[in-house]
Structure formats: C-alpha cells, structure tokens
Amino acid sequence: MKLRKNVAVSEVGLIFNPVTGESFSVNPIGVEILELIREEKDQNQIMQVLLEKYSTDQATLENDYADFIDILNHHHLIEIHEETKD
Amino acid sequence: MKKRKINIGVTGLNAIDSPGPGVSVIRALREAVSFDVRIIGLSYESLEPGIYMHDLVDRTYSIPYPAGGADLLMARLEYIHEKEKLDVIIPNFDAELYPLIKLEPKLKALGIHMFLPTLTQFEERQKVNLNDFGKKYNISVPKSKVIYDLNTVHSLPSEFSFPMIVKGKFYDASIAYSIEQVKTFFNKISAKWGLPIIIQEFIHGAEFNVTGLGDGNGNTIAAVPMRKQYITDKGKAWGGISISDEKMLDMTRKFLRNTKWRGGFELELMKNKDGELYLLEINPRLPAWIYLSVGVGQNIPEALVNMAMGETVTPFVTYDVGKMFIRYAWDMIVDREEFEQISMYGEL
Amino acid sequence: MSKMRYERPAIKKLETGLPNKFGMRTEYEPTTHIDGVAVNDLVKQYGSPLFVISERIIRSTIKRARKAFETRYPKVQFAWSYKTNYLNAVCSIFHQEGSWAEVVSGFEYDKAISLGVDGKKIIFNGPEKSVEDLTKAIKNDSLIHIDHLDELYTISELAEKHKSHPRVAIRVNMDTGVYPMWDRFGFNYENGQAWDAINKVMHSERMELVGLHCHIGTFMLSPYAYGIAASKLAELALAVEQKFKHEIRYIDLGGGFASKNTLKGAYLPGIDTNPTFDDFAEAISTALLNSNFKQDKLPLLILETGRALIDDAGYLLGSVISNKRSSTGRRNTILDVGVNILFTSFWYDHKITPAQSFSQYSEDTCVYGPLCMNIDVIRESTNLPLLNRGDHVVIHSVGAYNMTQWMQFISLRPNVVLIDPEEKTHVIRLRETLDNMNSMEKVPAHLEKFSI
C-alpha cells in the first residue's frame, strides 16, 4: 500500500490531490497514519505505533483503521497492491 | 482633514450568477465620501468570490449559518469583534435578519451598530402575510390566498382567473394555466418548501424595482426606481436602468410612511397596462444592484452606515435618470492555499 | 506514561458547495454535567440509556410561565397536563408549584386522586369518560369538560340520579387561522354547535356551567391564534351572561404552547424562533382585557400547557454501540437509545451532544437506535464529533410525551432519575425487568411444555 504520487500532506492536516484537484482535511491521528504509510510501514507496524500512543484497544483500532483506508482508497489517495513481501 | 475610519462587517459575498448584494454594498462603501472603511467579509462558504477580492475586502471570517442558532452566531461575532473592532454590520441575506434582529441589543452593547427593520416589520412583509400587509397599510397588492390542502384547489377558479401564480412560502414561483398545473406546482413546491402554498393573481405588465432607505420614523432617506432590462433565467436583473416615475416614488414613500420601515429595502413592483402599480414583494435588505444607486447619486449603503452610527442624514431628493447598470462575470485567479486557509481556519 | 485520548482517524473533503467545518461544528459543546451531576457517574450508577429529569429546571420554568401570565392578568391558574408526563414525582412538583391536575382518562383521574389532589382541582377532559369515571368525578365535584352531546346527556342523567349539580365546562373548537384546525374535540364555534350545547346545559338546570374551554392545536408557533381563541370564548361567555344572567367563572385556553425543540424541516432552531411564555401571555391577556368583561367580572384564566413546561427539563442519556459506514460511504452511529423510548424523534431534530470533550473534527452522521427495525432513526443527518464506542451522549429536551408514549418494545424501559435542587439523585421510576413483564402474562396449561 502506498500513498499516491504527488499527494501532498501538510502538517496541519491538509491534503491536496493534484490528479483530481480535490482538497481534504485530516485529523491528527489521520496525519500520523498517512506519514507511517509514506514511510512504507505495514499495517502491523502502524497498529503497534498507535496502540502504544493512544488509549484504545486493538479491535477498535483495526476496525477504524480499515475504515480509514477504505475512504483513502475511495478518494484515490492511496494505491493498494498485493502484499507479496515475506 | 483625515476622514474617520469605520470597520464594517458585510455578508452576502456570493457574487455569483444569482448574486448576494455584499460585493456591491462594499463597492458603494469604498466610494463613501463621509468616511473611510475597513471591510470585514463575513462568509458562509469557501467559494464566495468576495472572500478573494482583496482590493475590496480586507479580511474575511466564516460565520455559522443562521440554522446553527443565534447563540452560536453571537459567539462567532464576539470573536471577530475582539480581533477587528467592528463598528457596523450590514447583513445581506433575508435568513440572517431573524437572528440578527434578536441579537441587535447585545451587539449594540458591544459597540456594533446595525440599521435593521423591527421584528414586526420583518414578519409582516413575509409572503404569506402580503394580503394583510396590503390591507393594513393601504397598498395595492395582487390578490392572494394561502392554501394548505390540495383539495381546496378546485374552488380557486371561482376566485382567480388563469393564469395564476403558485408560490412557496420562502422561495419558488410558477405560473399555472390550468388546475392540473396548479396541482403539479402545489406538489412540487410544497415538497421543497413545505406548506402553505400561496396562490396569487397574475398581473400582466412590466417589472420594476425600487431600492431605498427608511429612517424608522416614516421618512424616506433614499429611493431609486429601476426597470429591469434583461432578466436571467433565475429571475435576476442582468441589466437595468434608473427611471423617473412619480407613482412609484409615491408608493415607496407611502410604504415608508405607513410602516415606519427602518433600514434598507427593495420593493418588487408590477405595473399593469392601465398603469396601476402592485407591490409583489418586499425584500428586507439592499438588493444586489445597489451599486446603481451610487451611480445615480444616492450612496444608500453610505447613508445606511451613517444612520446606524447615529448620525443625522439629509434625505436624498434627486438622482440621475437613465443611468444603466450592466452586470458582468469576472474570473479571478486564486491560489489553492487561500481556499484551504478559509476552509480549514475560517479566516483569510 | 499515560496514553493520549483516542480519536478515530477521519478525513473530510473540503466541499465547495457545503458549509465548511467551522460553519457547522460548534453546535456541539460537550454536556459533561446535568445540574452539577456528572453524566458519566449517572450512567455508571443507573445504567444506559437513562432518563434524567431536572427538578430545578421544572420549577424555574413553571415560575417563569406563571410570572409571564400573572403580571399581565389578575386571575391565573395552571393545571398540569398529566398525559405530557404523569410520573408521580413530576406531577407532585407541579402540584407543589400550585398547579391543578388536568386529566383525560379514568386512569389519569385515579392517578391524580391517588397523589392526593383535591377532586375540586381536577379538570376532566377528553372524549372518553365512562359512566363510572363520570360518577366519580361528579361525587368529587371535579370540573368536567364536555366533549360531545352523548356525554352531556349522560352527565345530565347521572346528575338526576345522584341528586347532584355537577360543575361542567363546554369544550369549544374554532377557526383561529391556524392549520390544521382541530375540530374533532368539543363543539364548533362557527357553526353554532357550541352555543347550542351551552343552551342545552343552561336549560337543563341539572348542571352548573362554570367554564368554557378550548385547545386549538399542538406545538403552536403563533401566539396570535390564542388571542383569537380567547376573544371568541370571551364573546361566548358574555353572551351567556346577557341571555341567562349567569356568570362564566373561568376560560380555559388549554395547552399547545411550543417548546424550544426544533421541528423537522424548520430552517431556524426552535430556541431562536419559538414564541416565549411572554409572547403567549401577551396575546391572551390582551384579548381578554380588551373584551367587554367588567373589571370586577374578569373570568379566571386556566392554562393546561404541558410540553413547554417539561420538555427542557428532560434529558436522555445514551451510549455509542458502534460506528459503521453505509454502502454509500455515509457515517452511521448506533446508540442504545431507540424510538421506542424517544417517540419525539419522529417530529423533532433533537439536539444531541457528547458527554465528553472532543476535538474540532466532525462527520456528517446518521444516528440510529438499537432496535431491529428500519424506522429506528434518531437523527437522519447531523454533524457529530468523532464518537468512540462506549462514549456517552446527551439528548436534550425530551421531557414531554416520551415518558408517557414510550413503548415496551423489543427492550425494556430504562430507569428515570430525578436530580433535586440540592443535586441529589433519586430513581423515580425503576427500569423494567423480565419479571415485571412476565407477571402480567398467563400461559394456558396445554402450552406450558414443549421440546424443540
């Protein structure tokens, strides 16, 4: 999974997608996830970072994370490809 | 001598194809001779063109929609006032007037002045009340009837002749030539704006507008009549010309004398082929074509600000006849950062 | 090291045609406390969902209403509309504040009597009063408001039978310029039915006509309509005086005053637009004072307003069961509060606020109840902060009708707690149990056993 090329994420949570011309606002935890995706962390690594930082449980986080990824995908902000790494 | 500077908050920056009056009001204020201005734009949506007109608007803050409630609006205006020291606010949307009329004393206590109609004046001129309004103030209005029930439609032909106008309580109007059409429009308009529906006599003739300013004591401070020359598919004047019509001015003066209207207004008038005038609607604010008033020698927004500030204003008595306004659209180039700034932070 | 409060990740398109984030956001301030009591503590102690009633708000509201009328008109009496909320504790607060009882059934009548209300101070309204109910009311010298001719004749017979002289009023319906016109209760003014009924009562001489009553509608947004109603009743009262030399002692304008809730489809919030007690009082008292009553013969003004007196005093606390997304990408939040206990969500856009602090981020959300029924929708669309599972919310202004029209449907009805002026909490109605429900049922012997 990768952030699409040229998608700009500002520190305050503004995203601009130059391909579609759309702008978005993202909350701080959303920005963190986008940064972790940019760093090419996988889902397990991302979960770990967030669980250490926030008071929530794995199930809730997984659920919300999956939902967030769906929406990013829906807005064409990320590319999901088969994870073939071992 | 240096002129005093007044900080004025202005809404209605949506200078689009069915424009809000804000940008025209600001242009008038920029040409005021009795004061200098700093203009604080008050916007609802991030794409209101006025937000990005930096030569007209010094700074813009987004404000909550009237549907959010008066308390919320007050909290936002207090915040803006803290930063900008507002002296005057000129609202340019009908829907804003209700909460702002209610907030007038509170804003006044902060030193923010407005010049608005009273709540009674605002309510009396609502479309559903037009018949009573005409009776009470002895002003000719087209005959109209408020209906709630589709079944009562069948008795209409005994009271009205075709065509008749079917109107929503806030917006929308269609001309019906048969009972079937009345029914269709009844359903269509009530689905969108709710009940009641207003049935109004159709007046054949030409459409005229008058804008002006009443002092709240029955006196006419300003009045400029205009004939629409070109009407867009949204019913807005694209071009118009100032005219001299004593009858129209008489009706305007009568309206102001009898209602003691306070503030700016626009009258929508119809003149039938016998030259009789009918009042169709009263808009409780300045119209989008208000800049024409500056062009003909009556800077109504300037006078309104002076009245709001408690100054004595000498009524305008003359204006240039035969001056035209022609509206045009203009594409601005705007950086995305500005759009994001107003969208994210509500300030630009 | 303590962890940070979790907020789910959220992304929102910067729309160009819609209000931006700022525009809609601050409808929401968290409601962490009600009358000084923490919402989280209430839920911990009494469960979720939970109805909470503020005694402080009830008392201040009825005081405000009385002041609005009593400063404008010399003789005013409020009567508590039982059907709006007949929890005993609630009725008792109103009776302590001087309100009479206004009941519309034998059940409500008995409830008022069992609370210790003097029979003379019970107004008995409504289209259904059994012979047994009427006999009781006659014996207790209650005020019986006649709804139809059949009732008029029954009362007349009972009066004859018991050799008594019941005190009655005629309920009148009329055109006050509002829509819909309520013409199903009582006798019509415009077509002469009301005058006819009055004459029948006066000529029968078995009853004493003490009052005239009308109730023009519900959730009325026009004080002016009450002015018209008051004028018409005043005319009738004066006509009675002229014809029979008989003085009508009271005019009862019923209830129907709007509360501060926002009706579905209204553009501006109810709290800004709905008339105040002062507006209603001004319209009504002006009409009565301007009528032709002599100064010393002004009738008592009775008001049976319910909704406007109790709505704001009621809160419904709930919890988030789940957040999900619809097939169209829309945010759905499921609460443990269903329409079976929040009937009024069918016609109001109830204000919902989180019970804990939150960030400025929000989402357009559809709020569902927990019932396995498609109609269980609390708000079709509202902009809510990002709530987590288990978070608590406060639904505002639910005091009227919900605690009487609620249904035991699918789930059991929750506790109702009263917060007294000293900020102490009292359960005033216990949550239902399976035993409660089963205790009312009987299973025939042949159905007792089965094997699956």
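These exercises work through a predicted model, each with a stepwise solution.

**Exercise 1. Overall form of chain C**

Task: Decide what the radius of gyration of chain C agrees with, and how the C-alpha atoms fill space.

Solution:
- Start with the expectation. A compact globule of 452 residues would have a radius of gyration near 22 Å.
- Compare the model. Chain C has 25 Å, which agrees with that value.
- Add the box. Along the principal axes, the C-alpha atoms of chain C fill roughly 85 × 65 × 45 Å.
- Add the secondary structure. Chain C holds 14 helices and 22 strands.

**Exercise 2. Inside and surface of chain C**

Task: Find what share of chain C is buried, and what share of its accessible surface belongs to carbon and sulfur atoms.

Solution:
- Apply the cut-off. Buried means under 20% relative accessible area.
- Take the share. Of the 452 residues in chain C, 56% count as buried.
- Turn to the contacts. Take those in chain C between residues at least 6 apart in sequence; 69% of them join residues at least 24 apart.
- Go to the surface. Chain C has an accessible surface of about 20000 Å², and carbon and sulfur atoms account for 52% of that.
- Finish with charge. Chain C carries 52 positive and 54 negative charges, and their mean positions lie 4 Å apart.

**Exercise 3. Two cis peptide bonds**

Task: Locate the cis bonds that lead into Pro163(B) and Pro49(C).

Solution:
- Take chain B. The bond from Phe162(B) to Pro163(B) is cis, with omega near -5°.
- Place the proline. Pro163(B) sits in the loop that runs between strand E5 (144-147) and strand E6 (164-167) of chain B.
- Take chain C. Ser48(C) and Pro49(C) are joined by a cis peptide bond, with omega about 0°.
- Place this proline too. Pro49(C) belongs to the loop between helix H2 (39-46) and strand E5 (50-54) of chain C.

**Exercise 4. Positive phi without glycine**

Task: Glu205(C) and Phe219(C) have positive phi values. Which loops hold them, and is each buried or exposed?

Solution:
- Begin with Glu205(C). Its phi is near 60°, positive although the residue is not glycine.
- Find the loop. Glu205(C) lies between helix H8 (193-204) and strand E12 (208-213) of chain C.
- Check accessibility. Glu205(C) counts as exposed because its relative accessibility is 62%, and the cut-off is over 50%.
- Move to Phe219(C). Its phi is near 50°, again a positive value outside glycine.
- Find this loop. Phe219(C) lies between E12 and helix H9 (223-244) of chain C.
- Check accessibility. Phe219(C) has 9% and therefore counts as buried.

**Exercise 5. The two sides of a helix**

Task: Work out how the buried residues of H2(A) are arranged about its axis, and what they pack against.

Solution:
- List the buried residues. In helix H2 (residues 43-53) of chain A they are Ile46(A), Met47(A), Leu50(A) and Leu51(A).
- Look down the axis. The buried residues of H2(A) fall within an arc of 125°, so they line one face of the helix.
- Recall the geometry. An α-helix has 3.6 residues a turn, so residues three or four places apart point the same way.
- Check the other side. Asn44(A) and Glu52(A) are exposed there.
- Name the partners. The buried residues of H2(A) pack against helix H1 (28-38), strand E5 (54-55) and helix H3 (58-74) of chain A.

**Exercise 6. Sequence and space in chain B**

Task: Place Glu180(B), then set its sequence distance to Val153(B) beside its distance in space.

Solution:
- Glu180(B) is in helix H6 (residues 179-193) of chain B.
- At 52% relative accessibility, Glu180(B) counts as exposed.
- Glu180(B) and Val153(B) are 27 residues apart in sequence; their C-alpha atoms are 9.5 Å apart.

Key
Residues are numbered from 1 along each chain as its sequence is written. Chains are lettered from A and ligands numbered from 1 in the order in which they are written. This is a predicted model: local features need pLDDT of at least 70, side-chain atom pairs count only at pLDDT 80 or more; totals for chains, interfaces and linings use all residues. Side-chain values use heavy atoms; hydrogens and water are left out. Helices (H or I, at least four residues) and strands (E, at least two) are DSSP runs, numbered from the N terminus. The radius of gyration is taken over C-alpha atoms; the globule rule is 2.2 Å times the number of residues to the power 0.38. Buried means under 20% relative accessible area, exposed over 50%, partly exposed in between (1.4 Å probe, protein chains only). Contact means heavy atoms within 4.5 Å. Accessible areas come from the Shrake-Rupley method with a 1.4 Å probe; for residues, only the protein chains shown count as cover. Lys and Arg count as positive and Asp and Glu as negative; His and the chain ends are not counted. The place of a charge is taken as NZ of Lys, CZ of Arg, CG of Asp or CD of Glu. The arc is that of the directions from the helix axis to the C-beta atoms.
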